[in-house]
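Hello,

I am passing the structure on to you with this email, and my notes on what turned up follow below. I hope they help you find your way around.

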Amino acid sequence: MNMNPSNAPANGSPAGSTMCGSSARTPNGGISDTCPLDFTCIFLICYIYLTIPIQQVTSQETSLAANCRRVYAHAHDYHINSISNNSDGETFISADDLRINLWNLEISNQSFNIVDVKPTNMEDLTEVITSAEFHPSHCNTLAYSSSKGSIRLVDLRQSALCDTHSKLFEQHEAPGSRSFFTEIIASISDIKFSMDGRHILSRDYMTLKLWDVNMDSGPVATFQVHEYLRPKLCDLYENDSIFDKFECCQSGDGLRVATGSYSNIFRVFNCGAGGSEVTTLEATRNPTRRQIQNPARPARSLGSLTRVVRRGPENTGIDANGNSYDLSTKLLHLAWHPSENLIACAAANSLYMYYA
């Protein structure tokens, strides 16, 4: 601040010079109010205004990306069909058609084979593993299903290689009910433990079954899903739709179960007495409720090995209730929130979430 006009040269300004041509300098070193702005000052102001970047506040959505932290490789000879975390928070299992391996989360180059159903001669193979899952609270217990329609409960404390099971859950076929399709539709595509670990939910091509882990004589409830397709098993076999693998899920309170079907619909059933259906919804932007009847049917039959092949041509049809169905659109994957009444469904390349 130039307090004395006579000291102007000492402040770096030549004597007698001013910023605005002939205008006078005020005692505080500034420019007089009467000083008119000449062309140079206007040019400097415009130059500063145009060259100094102006900061702007913009909104940007958070972009989420998945980063691979570890690769657990070279432990399976066949496609992996199941992965399940253990309740101990340290281990998990991975299962393919013939083996189940136990992994430590921190060790990616070593695993332990705990279940092996591969025979010495592959021609003697009668069944394959279709799904496996750990018990939600007992870290030593797991269950796995097979293409014969059976579920085996395994205790890891019995031996290092769990060749024998502690419990076997299966429903015996009724006499005279066996057919060419018995083995195929009996294959279990998915199993899920209930949150309390008391029940196991299984899904085969035609039905949902609920099993009590303390009662291996048979399922405590059976829910018909594809009964209207029973007269068309030959057509389903020809276009390979009979090999579709549908998942299942159960609500956190254990009162309802759900599974997917064709035409991008999923069905929710009540686990209470009578097993009445709660609702049937189509996974679209504008979901619609559908009424699908469940005609009575004989007891389910089980069989042996089913090999899965991928799909050929698809077709459409009309069910027994007059509703059209499309075999080319199918809802295979769904999951129930562990504590909230939310269901996530995957149909084609879209993910839908419904408040149940």
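Which residue takes a positive phi in the hairpin of β14 and β15? That residue is Ser263, with phi near 60 degrees, in a hairpin that has 4 residues between its strands. Please keep in mind that this is a predicted model.

Let me stay with that hairpin for a moment. Strands β14 and β15 run antiparallel and pair over 5 bridges, and within this pairing Thr259 stands opposite Arg267 of β15. Strand β15 covers residues 265-270, and 5 of its 6 residues are buried.

Arg256 belongs to the other strand of the hairpin, β14, which spans residues 256-260. With a relative accessibility of 17%, Arg256 counts as buried, because the cut-off for that label is under 20%. The side chain of Arg256 has a polar contact of 3.1 Å with the side chain of Asn341. Leaving aside residues up to four places away in sequence, Arg256 touches Val268, Phe269 and Trp336, among others.

Thr259 also leads to another arginine, Arg203. The side chains of Arg203 and Thr259 are joined by a polar contact of 2.7 Å. Arg203 sits in strand β10 (residues 199-203) and is buried, at 0% relative accessibility. A polar atom of the Arg203 side chain also lies 3.0 Å from the backbone oxygen of Tyr205. The residues that Arg203 touches, again not counting those up to four places away in sequence, include Asp190, His226, Glu247 and Cys248. Val225 is in that list too; the C-alpha atoms of Arg203 and Val225 are 9.5 Å apart, with their positions 22 residues apart along the chain.

Next, the cysteines. The count of disulfides is 0. For Cys248, the nearest cysteine sulfur belongs to Cys249 and is 7.2 Å away. A disulfide calls for sulfur atoms within 2.5 Å, so Cys248 is in no disulfide. Cys248 is buried, with a relative accessible area of 0%.

What about the aromatic residues? There are 11 aromatic pairs in the model. One of them is formed by Tyr72 and Trp103, an edge-to-face pair with 5.4 Å from centre to centre and 75 degrees between the planes. This pair links distant parts of the chain: Tyr72 is in the loop between α1 (39-51) and β1 (82-85), while Trp103 is in strand β3 (residues 99-104), 31 residues apart. Tyr72 is partly exposed, at 28% relative accessible area, whereas Trp103 is buried, at 3%. Elsewhere, Phe180, Phe181, Tyr237 and Phe243 form one aromatic cluster.

Finally, there is an open sheet to look at. This sheet has 3 strands in the order β19-β20-β21, paired antiparallel. Its edge strands, each pairing on one side only, are β19 (333-336) and β21 (350-355). From one strand to the next, the twist averages 15 degrees. Strand β20 (residues 342-347) is joined to β21 by 6 bridges, and Cys345 stands opposite Tyr352 of β21.

If you would like a place to begin, try Thr259: this residue faces Arg267 across the hairpin pairing and has the polar contact with Arg203.

Best wishes

Definitions and conventions: Residues numbered from 1 in each chain as written. Predicted model: local features only at pLDDT ≥ 70, side-chain atom pairs only at ≥ 80, totals over all residues. Heavy atoms only, no water. Phe/Tyr/Trp six-rings, centres within 6.5 Å; stacked < 30°, edge-to-face > 60°. Helix = DSSP H or I, 4+ residues; strand = E, 2+ residues; numbered from the N terminus. Buried < 20%, exposed > 50% of the residue type's maximum accessible area, 1.4 Å probe, protein only. Contact = heavy atoms within 4.5 Å. Polar contact = N/O pair within 3.5 Å; in protein donor to acceptor, adjacent residues only side chain to side chain. Pairing = 2+ DSSP bridges. Axes fitted to C-alpha atoms, helices over the stretch in contact; angles between N-to-C directions.
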